[in-house]
Amino acid sequence: MHHSGHGMDGMNMDLPPFTLGRGLAFGGDAFFLVGCLVGLGLYGWAVLRLRRRGDAWPMGRVVAWVLGVLTVAVTMCTKLNDYGMAMFSVHMVQHMIISMLSPILLLLGAPVTLALRALPTAGRGRKGPRELLVALLHSRYMRIITHPAFNPAFTIPLFIASLYALYFTPLFDLLMQSRAGHIAMMVHFLAVGLVFFWPIMGVDPGPHRPGYVMRMLELFAGMPFHAFFGIALMMATEPMVNTFLHPPASLGIEALADQQAAGGIAWAFSEIPSVVVLIALVFQWYKSEERTSQRADRAADRNGDKDLAEYNAYLASLNARGQ
């Protein structure tokens, strides 16, 4: 693998012009491919383990998890990954999917709940994977980063840093010079997305769960930053990122136009999670209201039975007196 002028050019010199078909051809990173296969395998193993035990696991969660893993695979295990090294617009699609769509779907799969149910408990006094997971969930660190007062204060700056600090400083160019840097950046995007969306709409038990209205506010607090970032890229009169300054001639694109496309993608995509999460939240809210009212009905039924028993006893006592 030879390096020319800036890092990745040598690999991208012969990329034909981008089409969806070429972008979605199989290829890309072994790291993410292994990760995706392991993710599907472990989840499948856990669900089967529950089924064998006679426990149910909602199909919707399985579907969400599989879709989540597939969005990561489409982003990172296809030729999109090669095009994303040379085209800002394609890179932006990768960034948006992996930071704003994959996390939502993965969280709806409730992997932590599944793990807690499927992992065997270790013997007395021993610590197995399940015990470590429980310890992590109850750790002070987790309590802090998922605290409703702290989480937005922690994740929104992280989200902003992932956009502004990364792209508008030399850091981005530095990371894009190596495969490892690129992988690290994508893992970071995924992690920030998971931490941001977990308190808002994760199904998993978090130490804190803000109320639904609070969660919606938190969601909308983060989104304008994506929109502004996209608009900044669209309005810029010169290319902002060195990595994409000289796209390979074979691509037949112009750096500034491609950057504007990237901005448009960032701006448009900022709305997608809002819509997806909003639908999920409204549904979760509805379900929790439904559960609450069912609980009330059950309580009323129990009390009703008690009232009836008392009334019958009262009638019986009258009868006894009457004789």
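**View 1. Alanine 110 in the loop between helix H6 and helix H7.** Alanine 110 sits in the loop that runs between helix H6 (88-108) and helix H7 (111-118). The model is predicted. The phi of alanine 110 is positive, about 50°, although the residue is not a glycine. Most residues other than glycine have a negative phi. Is alanine 110 buried or exposed? Alanine 110 counts as buried because its relative accessibility is 0%, and the cut-off for buried is under 20%.

**View 2. Helix H7 and its cover.** Which residues of H7 are buried? They are Val112, Thr113, Leu114, Leu116 and Ala118. Three helices are included in what covers these buried residues. They are helix H3 (30-52), helix H4 (59-76) and helix H8 (129-137).

**View 3. Serine 102 in helix H6.** Serine 102 belongs to helix H6. Its relative accessibility is 0%, so serine 102 counts as buried. Which residues does serine 102 contact, leaving aside its neighbours within four places in sequence? The partners are Gly68, Thr71, Val72, Ile97 and Leu190. One of them, Thr71, is the centre of the next view.

**View 4. Threonine 71 in helix H4.** Threonine 71 is part of helix H4. At 16% relative accessibility, threonine 71 still counts as buried, because the cut-off is under 20%. With neighbours within four places in sequence left aside, threonine 71 is in contact with Ile97, Leu101, Ser102 and Leu105. How many residues apart in sequence are threonine 71 and isoleucine 97? They are 26 residues apart in sequence. In space, threonine 71 and isoleucine 97 are 7.0 Å apart, C-alpha to C-alpha.

**View 5. Glutamine 94 in helix H6.** Helix H6 also holds glutamine 94. Glutamine 94 has a relative accessible area of 0% and is therefore buried. Not counting residues up to four places away in sequence, glutamine 94 touches Thr75, Met76, Leu80, Asn81, Gly84, His182 and Met186. Glutamine 94 and threonine 71 are separated by 23 residues in sequence. Their C-alpha atoms are 9.5 Å apart in space.

**View 6. Histidine 182 in helix H12.** Histidine 182 is a residue of helix H12. Is histidine 182 buried or exposed? A relative accessibility of 0% is why histidine 182 counts as buried. Residues up to four places away in sequence are not counted among its contacts. Beyond these, histidine 182 touches Met76, Asn81, Met85, His91, Gln94, Leu175 and Met176. Met76 and Asn81 are also touched by glutamine 94.

**View 7. Helix H12 against helix H13.** Helix H12 covers residues 179-201, and helix H13 covers residues 212-235. Their axes come within 8 Å and cross at roughly 155°. H12 is therefore roughly antiparallel to H13, because the angle is over 145 degrees. The crossing of H12 past H13 is left-handed. Which residues meet where H12 and H13 touch? From H12 come Phe196, Phe197, Pro199, Ile200 and Met201. From H13 come Arg215, Glu218, Leu219, Gly222 and Met223. By class, this contact of H12 with H13 has 7 nonpolar, 1 polar and 2 charged residues.

**View 8. Helix H13 against helix H14.** Helix H14 covers residues 255-269. The axes of H13 and H14 come within 7 Å, with a crossing angle of roughly 165°. H13 and H14 are therefore roughly antiparallel to each other. H13 and H14 make a left-handed crossing. H13 supplies His226, Ala227, Phe229, Gly230, Ile231, Leu233 and Met234 to the contact. H14 supplies Gln259, Gln260, Ala262, Gly263, Gly264, Ala266 and Trp267. The contact of H13 with H14 has 8 nonpolar and 6 polar residues, and no charged ones.

**View 9. The whole protein, for context.** How many helices and strands does the protein have? There are 15 helices and 0 strands. The protein has 323 residues, and buried residues make up 42% of them. Among contacts with a separation of 6 or more, 78% join residues 24 or more positions apart. The accessible surface of the protein is about 16700 Å². Carbon and sulfur atoms account for 68% of that surface.

Note on methods. Residues numbered from 1 in each chain as written. Predicted model: local features only at pLDDT ≥ 70, side-chain atom pairs only at ≥ 80, totals over all residues. Heavy atoms only, no water. Axes fitted to C-alpha atoms, helices over the stretch in contact; angles between N-to-C directions. Helix = DSSP H or I, 4+ residues; strand = E, 2+ residues; numbered from the N terminus. Parallel < 35°, antiparallel > 145°, perpendicular 65-115°, else oblique. Left-handed = near helix turned anticlockwise from the far one by under 90°. Contact = heavy atoms within 4.5 Å. Nonpolar A, V, L, I, M, F, W, Y, C, P; charged D, E, K, R; others polar. Buried < 20%, exposed > 50% of the residue type's maximum accessible area, 1.4 Å probe, protein only. Areas by Shrake-Rupley, 256 points an atom, 1.4 Å probe, with all protein chains shown as cover.
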